[in-house]
Amino acid sequence: MGQGKSKGPLFAVQPLRVQELDSSRYAVPALHLERGLVKGTWIQFEPVKFYEHLPPGRYSSVDLMRAICVAVEDLMKIAKDRCDFEVEKEYIATGSYGTVLTVEGAGPVVAKVFSDSATEKFRLQCAELGLRAHCAGIGPRIFGYGWSKRLLGANHKHMVVFMERLTPVDVHGVDERPKGPVVARQNARKIG
């Protein structure tokens, strides 16, 4: 108040435009068992929208989606014992409505998982708002999102948002401490 005119933002970010990809490659069973007592599809992934394919690393793009869905449902032991699919889950953060997790070998990909405690409309809106933040240059890159549906052993679905992993920034020696957590993009894009 009374400080004069604003000189504008400290840095300008060009809005990013993303196009939706054909996500049918991800519309596969995330966990299908042929061995053991209970055979069949335990987890089905239903993509809603994808804007970039998941980057391959230890896993192919589709296997990375499968591994994250197995981790979301905590079925790592069953996946290893009954279909030789090894997954090691790593929790990153937990909030009121969701959890951020990844799997070993996922590279720069994490998943934000919204559980059944939130309404379906809320979960879809969270995914869309994450994309808008990415396009505005203030959020992590969003690869895509969809539903991980547990079909055997339970009956529920989670919204899984595949996004870029952020890394903490060391702020030691900075004169003014930020009021919240500071993170940086692992793969920052250049704005020219």
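Me: Which residue follows helix H3, and what is the sign of its phi?

Reply: In this predicted model, H3 is followed by Gly137, which has a positive phi near 85°. A second glycine can be read in the same manner: Gly153 takes a positive phi near 85° in the hairpin of E6 and E7, where five residues stand between the strands.

Me: How many residues does helix H3 have, and what span should they cover?

Reply: The general idea is to multiply 1.5 Å by one less than the number of residues. Helix H3 (residues 120–135) has 16 residues, so the expected span is 22 Å; the end C-alpha atoms of H3 are 23 Å apart, which agrees.

Me: Which residues of H3 are buried?

Reply: A residue counts as buried when its relative accessible area is under 20%, and as exposed when that area is over 50%. In H3, the buried residues are Arg123, Ala127, Leu131, His134 and Cys135. These residues cover an arc of only 125° around the axis, so they lie on the same side of H3. Lys121 and Arg132, on the other side of H3, are exposed.

Me: How should strands be read, and how many bridges join E6 to E7?

Reply: In a regular strand, side chains alternate between the two faces of the sheet. Here, E6 and E7 run antiparallel and are joined by eight bridges; within this pairing, Trp147 stands opposite Met159 in E7. E2 and E6 also run antiparallel, with seven bridges between them, and Ile43 stands opposite Arg150 in E6. Strand E6 (residues 142–150) is mostly covered, since eight of its nine residues are buried.

Me: How far apart are Phe45 and Trp147 in sequence and in space?

Reply: The two separations should be read side by side. Phe45 and Trp147 are 102 residues apart in sequence, while their C-alpha atoms are 5.7 Å apart in space. Phe45 belongs to strand E2 (residues 40–50).

Me: How many aromatic pairs does the structure hold, and what is the arrangement of Phe45 and Phe162?

Reply: The structure holds seven aromatic pairs. A pair with planes over 60 degrees apart counts as edge-to-face. The ring centres of Phe45 and Phe162 are 5.8 Å apart and their planes stand at 70°, so this pair is edge-to-face. Because Phe45 lies in strand E2 and Phe162 in strand E7 (residues 156–164), the pair ties together parts that are 117 residues apart in sequence. Phe45 is buried, with a relative accessible area of 0%, and Phe162 is buried with a relative accessible area of 0%. Ring pairs also link Tyr26, Phe45, Phe50 and Phe162 into a cluster.

Another pair is formed by Phe114 and Phe122: their ring centres are 6.5 Å apart and their planes are at 85°, so the pair is edge-to-face. Phe114 is buried at 7% relative accessibility, whereas Phe122 is partly exposed at 33%.

Me: Which ring does the charged end of Lys157 sit over?

Reply: The charged end of Lys157 sits over the ring of Trp147, 4.3 Å from its centre. Likewise, the charged end of Arg66 sits over the ring of Phe85, 4.3 Å from the ring centre.

Me: What is a disulfide, and how many are counted here?

Reply: A disulfide is a covalent bond between the sulfur atoms of two cysteines. The count in this structure is zero disulfides. The cysteines can still be read by their accessibility: Cys69 is buried at 0%, whereas Cys126 is partly exposed, with a relative accessible area of 21%.

Notes. Residues are numbered from 1 along each chain as its sequence is written. This is a predicted model: local features need pLDDT of at least 70, side-chain atom pairs count only at pLDDT 80 or more; totals for chains, interfaces and linings use all residues. Side-chain values use heavy atoms; hydrogens and water are left out. Helices (H or I, at least four residues) and strands (E, at least two) are DSSP runs, numbered from the N terminus. Buried means under 20% relative accessible area, exposed over 50%, partly exposed in between (1.4 Å probe, protein chains only). Rings of Phe, Tyr and Trp (its six-membered ring) pair if their centres lie within 6.5 Å; planes under 30 degrees apart count as stacked, over 60 as edge-to-face and the rest as tilted. A charge sits over a ring if NZ of Lys or CZ of Arg is within 6 Å of the ring centre and within 35 degrees of the ring normal. A disulfide is a pair of cysteine sulfur atoms within 2.5 Å. The arc is that of the directions from the helix axis to the C-beta atoms. Two strands pair if DSSP finds at least two bridges between them.
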